[in-house]
Amino acid sequence: MNRFAYVEARLSSNETFVSRDSRVKIFDGDQKTDFEEGEVVLTTHRLFWGRPGEIARAAVTLCLPLSYVISLGEETTASNFFGRKTRIILHLRPPGPDKMPGPLDTSRATHIKLSGKNGLSMEFHSALRETLNARIWEISLTSETIIKGVDRSPTSDPVNDRLARIQKRTGIGGIERHLEAKAKATDENIALAFQDLSVLMTMAKDMVGLSKTISGRIREQKGEISDDETVRFKSYLMSLGIDDPVTRDNFTSNSAYFSSLAQQICQMLIDPIEEHGGMMSLADVYCRVNRARGLELLSPEDLLHACEQLRGPIRLRSFPSGARVLQLESHDDDLIAIDTLEKVQAAESLAVEELAKQLGISLLLAKERLLVTERLGKVCRDESIEGLRFYPNLLLQRD
């Protein structure tokens, strides 16, 4: 506290207001003092502390030159009533011989603490840190020269630039400027995003056209391309999407929209469903259809209504467990049971996850295949602490 001096709260000619906070008390090192519930004002050169209203009246208050501050720190304290709060610690160098009289002539403490009832505001803490980094008091310029120099000169020195940044971030004006800059940046980002989206849509149409050309050439020159290359090309082309997705805007009635959508879904998924053993869960259908449609995404409700109108060669099926899948009409339960029984017999027994891994399908579909086979009496289950396993029904093999 012996670094503070009693000074009238008036700005000098080369000094500028930076920030303020209220209900602040001062610690001399770790010791409490009588200077509590006061107002603190930060300038580019000094730190003022006064009772409420004293600084506004330019009365004699406590004043700490920022040139005394060596470093800035903080500590966090907690109490049962006010919760956690942060105190600012100012580490100080010894006072100079020309220091004016203050509250104490001597003090063993080499630091002071600033604290508030709920902690000091983040704005004040940030402004204090930036002001100390700027070290404006080390130069001798009038406030008019500083402000105008920053506004007019593109080659102003770094100290002036730091002062300008501090001034722009403090007070109501600083908050308004921050919100305005944030809104402007958001508008620019949205405009840029829509520009990119337009380019993406244009490129997507070109890529779909290219995919149709390539697929036509594959059909014409199938003898010159191996089967593996053909399958690989088809997988690549599927990821490019469809060129004319069905949308609600082109129809006046829901029935016509869902009927056309069901037809397109059938054309899109008949090959993938065959490759996945004749069944595909609605979750997989939703992902594949929306991936192929690109930007014209379908809602889950529209997809379900369209699947309910499928009339062949794919149909929507609901299992007793509540699971729903798209299944080939030619792929009935007897075929599923025979194929699943062969897998179980080859492995002697199978769990759901083992069948899913073997067939490359989801756990849901693997479980339904085993349950269908069980309902037809071709396998039987064994439930134990190790989980659920299915075995061939040996009763069918009795003479």
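These are my notebook entries on strands, helices and one ring pair in a predicted model.

**Entry 1: the strands early in the chain**

I started with strand β1, residues 5-8, and looked for its partner. I found that 4 bridges join β1 to strand β6, residues 60-65, and that the two run antiparallel. To get my bearings I picked out one bridge: glutamate 8 has valine 60 in β6 as its partner.

Next I asked myself which sense the pairing of β5 and β6 takes. Strands β5 and β6 pair in the antiparallel sense, over 4 bridges. Here I noted arginine 46, whose bridge partner in β6 is proline 65.

**Entry 2: strand β2 and its partners**

Then I followed strand β2, which covers residues 17-28. I looked up its pairing with strand β4, residues 38-43, and found 5 bridges in the antiparallel sense. Serine 19 is a handy landmark here, as it stands opposite leucine 42 in β4.

I also checked β2 against strand β9, residues 111-116, and this pairing is antiparallel too, with 5 bridges. In β9, isoleucine 112 stands opposite aspartate 28.

Strand β3 spans residues 31-32, and I found that β2 pairs with β3 over 2 bridges, again in the antiparallel sense. I met aspartate 28 once more, since it stands opposite glutamine 31 in β3. How many residues lie between the strands in the hairpin of β2 and β3? There are 2, and glycine 29 in this hairpin takes a positive phi near 70°.

I added a reminder for myself: side chains in a regular strand alternate between the two faces of the sheet.

**Entry 3: aromatic rings**

I searched the whole structure for aromatic pairs, and the search gave 2. I took a look at phenylalanine 35 and tryptophan 49, whose ring centres are 5.5 Å apart. Why is this pair called edge-to-face? Their planes stand at 85°, and planes over 60 degrees apart count as edge-to-face.

I then looked up where the two residues sit. Phenylalanine 35 is in the loop between β3 and β4, while tryptophan 49 is in strand β5, residues 46-50, so the pair ties together parts that are 14 residues apart in sequence.

**Entry 4: helices α6 and α8**

I moved on to helix α6, residues 254-275, and helix α8, residues 300-308. Their axes come within 8 Å and cross at roughly 80°. Angles from 65 to 115 degrees count as roughly perpendicular, and that is why α6 is roughly perpendicular to α8.

I listed the residues that meet: Tyr257, Phe258, Leu261, Ala262 and Ile265 come from α6, and Asp302, Leu303, His305 and Ala306 come from α8. Sorted by class, this contact has 7 nonpolar, 1 polar and 1 charged residues.

**Entry 5: a sheet and the helix across it**

Further along the chain I found an open sheet of 3 strands, in the order β13-β15-β14, with antiparallel pairing. Which strands are at the edges? They are β13 (350-351) and β14 (379-384), each of which pairs on one side only.

I counted the bridges between β14 and strand β15, residues 387-392, and got 6 for this antiparallel pair. Within β15, arginine 389 stands opposite aspartate 382.

Helix α9, residues 333-347, lies across β13, β14 and β15. I noted that α9 runs at about 100° to β15.

**Entry 6: helix α11 and its neighbours**

I looked at how α9 packs with α11, and their axes are 9 Å apart at an angle of about 100°. The two helices are therefore roughly perpendicular to each other. From α9 the contact includes Ile336, Leu341 and Val344, and from α11 it includes Leu370 and Val372. The residues of this contact divide into 6 nonpolar, 2 polar and 3 charged.

Last, I checked helix α10, residues 352-359, against helix α11, residues 363-375. Their axes come within 8 Å, and the crossing is at roughly 110°, so α10 and α11 are roughly perpendicular to each other. I also wrote down that α10 passes α11 in a right-handed crossing.

In this contact Val352, Glu353, Leu355, Ala356 and Leu359 of α10 meet Leu363, Ala366, Lys367, Arg369 and Leu370 of α11. I sorted them by class and found 7 nonpolar, no polar and 3 charged. Arg369 and Leu370 of α11 appear in the contact with α10, and Arg369 and Leu370 also meet α9.

Note on methods. Residues are numbered from 1 along each chain as its sequence is written. Side-chain values use heavy atoms; hydrogens and water are left out. Axes are lines fitted to C-alpha atoms, for helices over the stretch in contact, and angles run from 0 to 180 degrees between N-to-C directions. Angles under 35 degrees count as roughly parallel, over 145 as roughly antiparallel, 65 to 115 as roughly perpendicular and the rest as oblique. A crossing is left-handed if the near helix is turned anticlockwise from the far one by less than a right angle, and right-handed if clockwise. Contact means heavy atoms within 4.5 Å. Ala, Val, Leu, Ile, Met, Phe, Trp, Tyr, Cys and Pro count as nonpolar, Asp, Glu, Lys and Arg as charged, and the others, Gly among them, as polar. Two strands pair if DSSP finds at least two bridges between them. Rings of Phe, Tyr and Trp (its six-membered ring) pair if their centres lie within 6.5 Å; planes under 30 degrees apart count as stacked, over 60 as edge-to-face and the rest as tilted.
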